[in-house]
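I opened this notebook to keep a careful record of what I looked up, one topic at a time. The sequence and the structure come before my entries.

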Amino acid sequence: MTFVLPLIVLDLTGSGIHLSIISSLETLPFLLLGLPFGAIVDRCDVRKVLIRSDAIRFGGYALLAAVLSARSNATVTLIAIYLVTLVIGCTNVFSSVSEITFISYFVSKSDYSKMNSIVYGIQYTAGLLIPLAGGRSTPWCRWGCWP
């Protein structure tokens with residue numbers, strides 16, 4: 001979504017300012033909320049935080065898919081993208097901090113670094129490949145994702 005949403009916003013508005021706003025909304029929660037959310041997660045049940053953050057993200061993506069498939073006007077679509085991006089950005093902070101904490105329950109301290117690298121490697125690879133694979137059938141892929 002970090003790759004696809006800015007492209008959708010650029011396609012809707014044709015404006016670099018809106019592209020910058022959506023990119024900022026994806027990044028700012030990590031910068032502003034990373035440390036406070038980390039302290040909150042340390043006091044909570046990590047499993048519940050992961051489940052709740054995944055449920056919120058699923059709901060946000062489902063709402064975004066409904067708005068995009070309804071082909072609402074550009075203003076409604078843009079507002080929905082902004083709101084969903086902000087909510088998902090905040091829940092991603094909770095989820096990322098929780099994932100790091102949760103891994104430590106399963107591996108020894110000597111294997112923690114290796115396991116953490118494997119988890120993030122899988123996430124980043126999937127985050128790159130899945131939008132490319134799904135781009136072929138999406139109606140908003142007018143810029144030629146696939147031949």
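In which helix is the place of threonine 85? I found threonine 85 in helix H4, and I note at once that the model I am reading is a predicted one.

**Entry 1: threonine 85 and its surroundings**

I looked up how accessible threonine 85 is, and its relative accessibility of 4% lies under the cut-off of 20%, so threonine 85 counts as buried. Leaving aside neighbours within four places in sequence, I listed the contacts of threonine 85 as Leu5, Ile22, Leu25 and Glu26. I also checked the side chain of threonine 85, where a polar atom lies 2.6 Å from the backbone oxygen of isoleucine 81.

One of those contacts, glutamate 26, belongs to helix H2. Glutamate 26 and threonine 85 are 59 residues apart in sequence, while their C-alpha atoms are 6.3 Å apart in space. For serine 24 and threonine 85 I noted 61 residues in sequence and 9.8 Å from C-alpha to C-alpha. Is glutamate 26 buried or exposed? Its relative accessible area is 14%, which is under 20%, and therefore I wrote glutamate 26 down as buried.

**Entry 2: helices H2 and H4**

I then turned to the two helices themselves. Two packed helices are described by the angle between their axes and the distance between the axes, so I looked up both values. Helix H2 covers residues 16-42, and it packs with H4 at an angle of about 35 degrees, the axes being 8 Å apart. The residues of this contact divide into 17 nonpolar, nine polar and two charged. I added that the crossing in which H2 passes H4 is right-handed.

**Entry 3: two other residues of H4**

Threonine 77 also lies in helix H4. I recorded threonine 77 as buried because its relative accessible area is 4%, under the limit of 20%. The side chain of threonine 77 reaches the backbone oxygen of asparagine 73 at 3.0 Å. Not counting residues up to four places away in sequence, threonine 77 touches Leu12, Val67, Leu68 and Ser72.

Asparagine 92 has its place in helix H4 as well, and I copied down the range of that helix as residues 74-103. With which side chain does the side chain of asparagine 92 make a polar contact? I found the side chain of arginine 57, at 2.8 Å. When residues up to four places away in sequence are not counted, asparagine 92 touches Phe30 and Arg57.

**Entry 4: the chain as a whole**

I stepped back to the chain, which has five helices and zero strands, so that I could place the details above. Read along the sequence, its pattern is α-α-α-α-α. Buried residues make up 31% of the 147 residues in the chain. Among contacts with a separation of 6 or more, 71% are between residues 24 or more positions apart.

**Entry 5: confidence of the prediction**

Finally I looked up the confidence, and the mean pLDDT of the chain is 76, with 85% of the residues reaching 70 or more. Where in the chain is confidence highest, and where is it lowest? I found the highest in helix H3, residues 46-70, with a mean of 86, and the lowest in helix H5, residues 112-134, with a mean of 72. Over residues 143-147 the pLDDT stays under 50, and for these residues I noted eight contacts beyond four places in sequence.

Technical notes
Residues numbered from 1 in each chain as written. Predicted model: local features only at pLDDT ≥ 70, side-chain atom pairs only at ≥ 80, totals over all residues. Heavy atoms only, no water. Helix = DSSP H or I, 4+ residues; strand = E, 2+ residues; numbered from the N terminus. Polar contact = N/O pair within 3.5 Å; in protein donor to acceptor, adjacent residues only side chain to side chain. Contact = heavy atoms within 4.5 Å. pLDDT = per-residue confidence, 0-100. Axes fitted to C-alpha atoms, helices over the stretch in contact; angles between N-to-C directions. Left-handed = near helix turned anticlockwise from the far one by under 90°. Nonpolar A, V, L, I, M, F, W, Y, C, P; charged D, E, K, R; others polar. Buried < 20%, exposed > 50% of the residue type's maximum accessible area, 1.4 Å probe, protein only.
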